[in-house]
Amino acid sequence: MRLKTKLWIAAGLVSLMLVIMVGIVYVKGRSTIINIANTEGVGSATEVAKNVDTYIQGLKNVINNASPLAKSLFAPDGSVDAQKISLAMKNSLTLNKKINAIEMYIGIEKTGQLHTGSGYIAPADYDSRTRPWYKDAIASDNTIFTDPYVDLQTNKLIISIARALRGANGKVLGVLALDVSLSTLTEMVSSSIIFGAGYGMLLDHNGMFIVHPNPKFIMAESIKRASAGIPEQMARAGEDIISREKGYVDYTNADGEKIRAFFAQSGVGYTAVIALPNSQISKIVMSITLPQLVGATAVIIAMLLLMIIT
């Protein structure tokens, strides 16, 4: 066998080995990246869930800290000086603008009247005692918060935090409440990404979207209820997300995009989700394996050129 033929055979074998090695690197690299993504994804979702808990607790603390002053404004018979209590609510509202407070108010048990910090005057037939936030607060010994809803006056997504005010004998004097825009929470969750990709979502206890990149989904779609925007497969994955403490699921969204969603339950009943398109995982794998592929290709070309020259 001629020397040149032997060299060609050797070059072919080396090229084949390099191709096989690149294939092994790609497969192992993809597996490694996916494992890292799974760990990082669940960890990131857990961290977001903790931040959500901290945020909600901070709002509760605002009400808890303001409650002693609010109770001191009541006379022994449960009546209040409207001017004094409205001024107190105005001052509290001003102090809490930094947390996106929209309204601070007190519902009075004796009369049902509402006293606000913004100066809003309720209709003559308005009775605080009939409102869900009032009823929920007096039914609990703790500070409560409502499900998110769209405020009719500001058109913003808000929640109400409320606490019953009780006298020395335990009798209800009224309810102190705070309305807060969820813009800060939305920014916190929306910025959640993995490896510089993906997007964050936040679900309530029913799977309703509190935060989603598509505004049409917010408080209009549930991840566990199939619809035009939620395919059956995604809804089944949504059931899994809501029922488990943490983990990840795979589904295909309404745009036909394959998604791996990492999730974690918060202590306040919300679920933090970070969605990472599978296409992004492939891009990350390629960014790692491409240098090896280029290097191997360069070696093969160099060897072939050497064979041609000789």
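Start by selecting Lys110: at 45% relative accessibility, this residue counts as partly exposed, a label for anything between buried (under 20% relative accessible area) and exposed (over 50%), using a 1.4 Å probe and protein chains only. What you have open is a predicted model, where local features need pLDDT of at least 70, side-chain atom pairs count only at pLDDT 80 or more, and totals for chains, interfaces and linings use all residues. Residues are numbered from 1 along each chain as its sequence is written, and side-chain values use heavy atoms, with hydrogens and water left out.

**Stop one: salt bridges**

Keep Lys110 on screen and add Asp77. The two form a salt bridge, their closest N and O atoms being 3.3 Å apart; the term covers a side-chain nitrogen of Lys or Arg within 4 Å of a carboxyl oxygen of Asp or Glu. Side chains of opposite charge can pair when their charged atoms come close. This pair links distant parts of the chain, 33 residues apart: Asp77 sits in the loop between H1 and H2, and Lys110 in the loop between S1 and strand S2 (114–116). Those labels are DSSP runs numbered from the N terminus, with helices (H or I) of at least four residues and strands (E) of at least two. Asp77 is partly exposed too, at 46% relative accessibility.

How many salt bridges does the structure hold? There are 4. For another one, pick Asp250 and Arg260, whose side chains meet at 2.7 Å, N to O. Asp250 belongs to strand S9 and Arg260 to strand S10, 10 residues apart. Is Arg260 buried or exposed? Arg260 is buried, with a relative accessible area of 14%, while Asp250 counts as partly exposed at 40%.

**Stop two: the sheet**

Now show the strands around that pair. Here 5 strands form an open antiparallel sheet, ordered S8-S7-S11-S10-S9; strands pair if DSSP finds at least two bridges between them. At the edges are S8 (209–211) and S9 (246–252), each pairing on one side only. From one strand to the next, the twist averages 30°.

Zoom in on S10 (residues 258–265) and S11 (residues 271–277), antiparallel strands joined by 7 bridges. Look for Ala264, which stands opposite Ala272 in S11. Then bring in helix H5 (residues 232–243): H5 packs on the sheet, touching S7, S8, S9, S10 and S11, and its direction makes about 175° with that of S9. Such angles run from 0 to 180 degrees between N-to-C directions, with axes fitted to C-alpha atoms, for helices over the stretch in contact. Helix H4 (residues 183–190) lies across S7 (199–203) and S8, at about 135° to S7.

**Stop three: the cores**

Select Leu202 next. Beyond neighbours within four places in sequence, Leu202 is in contact (heavy atoms within 4.5 Å) with residues including Val52, Leu185, Phe209 and Tyr270. Leu202 is also among the residues with the most contacts inside the largest nonpolar core, which has 37 residues. A nonpolar core is a set of buried Ala, Val, Leu, Ile, Met, Phe, Trp, Tyr and Cys residues joined through side-chain atoms within 4.5 Å. Which element gives the largest share of this core? H1 does, with 11 residues.

**Last stop: Asn96**

Finish at Asn96, in the loop between helix H2 (82–95) and strand S1 (101–108). Asn96 is buried, at 13% relative accessible area. Leaving aside neighbours within four places in sequence, Asn96 is in contact with Val62 and Ala101.
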